[in-house]
Amino acid sequence: LIAFFQPKLLAGRKVVMTAGPTFEAIDPVRGITNTSSGKMGYALAQACRRAGAEVVLVSGPTGLPAPLGVERVDVCSALQMRDAVVAALPGADVFIGVAAVADYRPLSAAEHKVKKSSAELTLTPNPDILAEVAARPDAPFCVGFAAESRELDAYAEGKRRAKRLPMLVGNLVQDGLGSDDNQVILYDDAGRHPQPRAPKTVVAQKIVEHLAGLLAMRAT
Ligand code: CTP
Ligand code: CA
């Protein structure tokens, strides 16, 4: 009922997003991953959908149900996530990188279970999906996330600038990880905009409002 009275801030927009962790296989029973519940990304996908957007959610393994009306593409590794994002990008107005992408993957996944006698693991860097999307000539409006354990302002704003993002959502891991609540600061060209601690659904709605405002400004 409440949704009915809300202005459709993202009506007619296509949003592509990533959420959850990636999982980089070492062998058939082991892998490298990040701690990420996917809750913030899924809440944001739902908020974008409720705001009238067409939403494609490229998700690593989370065990969460897809929000109603959201097209979910399930992936495991960062390379699969990148491919799924690139496939979903045509026509996108917005890209939001919420996923905790593993920065490295094993150079090659072993076909058989590795024995403890072979102690070496060679890693290779994964592509930076968000930076790649933001660097495209036809880049949509790109939003990043940064979960830091210290010096949030410096790291968050540094990432926003390095990846050339008009907007980034920062939080301290102590404030959000695994929780249903989060406390975030929004960073954009105008500065920092701290938000009150709130359920992730409420934080997601706030992010949508901020993003829709910047998007409307950019369009004019
Ligand atoms: N990101 C991405 N692909 C990667 C790494 C990060 O798309 N391979 C995105 C994340 O989804 C997030 C943003 O980039 O929106 C910041 O991720 P983060 O891990 O905090 O930044 P990094 O650039 O990887 O820096 P570091 O891990 O050294 O802090
Ligand atoms: Ca990283």
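**Exercise 1. How much area does the chain expose, and what share do carbon and sulfur atoms supply?**

Before you start: this is a predicted model, where local features need pLDDT of at least 70, side-chain atom pairs count only at pLDDT 80 or more, and totals for chains, interfaces and linings use all residues. Residues are numbered from 1 along each chain as its sequence is written, chains are lettered from A and ligands numbered from 1 in the order written, and side-chain values use heavy atoms, with hydrogens and water left out.

Step 1: the chain exposes about 11400 Å² (Shrake-Rupley method, 1.4 Å probe).
Step 2: carbon and sulfur atoms supply 55% of that area.

**Exercise 2. Work out whether the chain is as compact as a globular protein of its length.**

Step 1: count the elements; there are seven helices and 14 strands (DSSP runs: H or I, at least four residues; E, at least two; numbered from the N terminus).
Step 2: the radius of gyration, taken over C-alpha atoms, is 18 Å, close to the 17 Å from the globule rule (2.2 Å times the number of residues to the power 0.38) for 220 residues, so the chain is as compact as a globular protein of that length.

**Exercise 3. Trace the eight-stranded open sheet from edge to edge.**

Step 1: write down the order, S5-S4-S1-S6-S9-S10-S12-S13, with mixed pairing (two strands pair if DSSP finds at least two bridges between them).
Step 2: mark the edges, S5 (71–74) and S13 (191–194), each pairing on one side only.
Step 3: look inside; S1 (residues 14–19) and S6 (residues 94–97) run parallel, joined by four bridges, and Met17 has Ile96 in S6 as its bridge partner.
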